[in-house]
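Colleague: I should like to learn how to read charged pairs and enclosed spaces in a protein model. May we work through one example together?

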Amino acid sequence: MRVLVLSGSSRTGSVNARLAALVARLVVGAGAVADPASLGQFPMPPYDGDAEADEGLPKGAQALCERIEAAQALVIASPEYNASVPGVVKNAIDWVSRFRPQPFKDKQTLLVSASPSMVGGNRGLWALRVPLEHLGARVYPDMFSLANAHHAFGADGSLADRGLAERLTATTASFLDLVEADTRYLCLQRRWYEFLGDQTDAAVTSRAQD
């Protein structure tokens, strides 16, 4: 299995970049293939419908779309800005959602965050779930938020707190188990609707269900 581990911050010394690197290590340790990336690798202007009509979709959005499509799962390590999702993360989602087929649909997704605050960026993750779930991503119910993150990492990049380290390892492993089940052991075909007004002839989505 291939997992795109995307840092929502490319700032030097970013705690979310460090958390993304740690999750990538855990993915590899669990026997999957990690594809680490940072939003800084995919430059995009602010979304503008006129610019899209005149110039098409930007190369950065195309490159990110291809990386998402090539993976069976997506992990996003996102900062929290003013108790919500950062504009650069939302902007990337908006651009990538314009491709057809739209790559977020049915993508198993895990959300993690790190912050110097005692909330750990958790409010930003709840805001981030909204556009991803709207686009059909299968956002994992359990999220991981690392509080006091500037002091949370050891010299080797692991978490200094044993309990937090065990929780992140267990969360990542459980997520990968679900991804493997959904990828390798399809046992049910089911229609999914965002709301009752959706068309009843929507395409069938293959999913593993408990």
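Modeller: Let us begin with one residue of this predicted model. Arg-138 has a relative accessibility of 9% and therefore counts as buried, the cut-off being under 20%.

Colleague: With which residue does Arg-138 form a salt bridge?

Modeller: Side chains of opposite charge can pair when their charged atoms come close. Here the partner of Arg-138 is Asp-106, and the closest N and O atoms are 2.9 Å apart. Asp-106 belongs to the loop between H4 and strand S4 (108–114), whereas Arg-138 is in strand S5 (residues 138–139), so the pair ties together parts that are 32 residues apart in sequence. Asp-106, at 26% relative accessibility, counts as partly exposed.

Colleague: How many salt bridges does a search of the whole structure find?

Modeller: The search finds 10 salt bridges. One of them joins the side chains of Asp-35 and Arg-67, at 2.7 Å from N to O. This pair links distant parts of the chain, for Asp-35 is in strand S2 (residues 33–38) and Arg-67 is in helix H3 (residues 59–69), 32 residues apart.

Colleague: Is Asp-35 buried or exposed?

Modeller: Asp-35 counts as buried, with 8% relative accessibility. Its partner Arg-67 is partly exposed, at a relative accessible area of 22%.

Colleague: Where does the pair of Glu-80 and Arg-123 lie?

Modeller: The side chains of Glu-80 and Arg-123 meet in a salt bridge of 2.6 Å, N to O. Glu-80 is found in the loop between strand S3 (73–77) and helix H4 (87–96), and Arg-123 in helix H5 (residues 122–134), so the salt bridge ties together parts 43 residues apart in sequence. Glu-80 counts as buried at 16% relative accessibility, while Arg-123 is partly exposed at 41%.

Colleague: Let us turn to enclosed space. How many cavities of 30 Å³ or more does the structure hold?

Modeller: Rolling a probe the size of a water molecule over the atoms shows where empty space is left. In this structure there is 1 cavity of 30 Å³ or more. The largest cavity contains about 60 Å³ of space.

Colleague: Which residues line the largest cavity?

Modeller: The lining consists of Leu-6, Leu-39, Leu-64, Ile-76, Val-89, Ala-92, Ile-93 and Phe-104. H4 gives the most to this lining, with 3 residues.

Colleague: How do the residues of the lining divide into nonpolar, polar and charged?

Modeller: The lining of the largest cavity has 8 nonpolar residues, no polar ones and no charged ones.

Technical notes. Residues numbered from 1 in each chain as written. Predicted model: local features only at pLDDT ≥ 70, side-chain atom pairs only at ≥ 80, totals over all residues. Heavy atoms only, no water. Salt bridge = Lys/Arg side-chain N within 4 Å of Asp/Glu carboxyl O. Helix = DSSP H or I, 4+ residues; strand = E, 2+ residues; numbered from the N terminus. Buried < 20%, exposed > 50% of the residue type's maximum accessible area, 1.4 Å probe, protein only. 1 Å grid on protein atoms, 1.4 Å probe; cavity = no way out; pocket = protein on both sides within 12 Å on 5 of 7 lines; lining within 4 Å. Points joined across faces, edges and corners; volume = space filled by probe spheres on them. Nonpolar A, V, L, I, M, F, W, Y, C, P; charged D, E, K, R; others polar.
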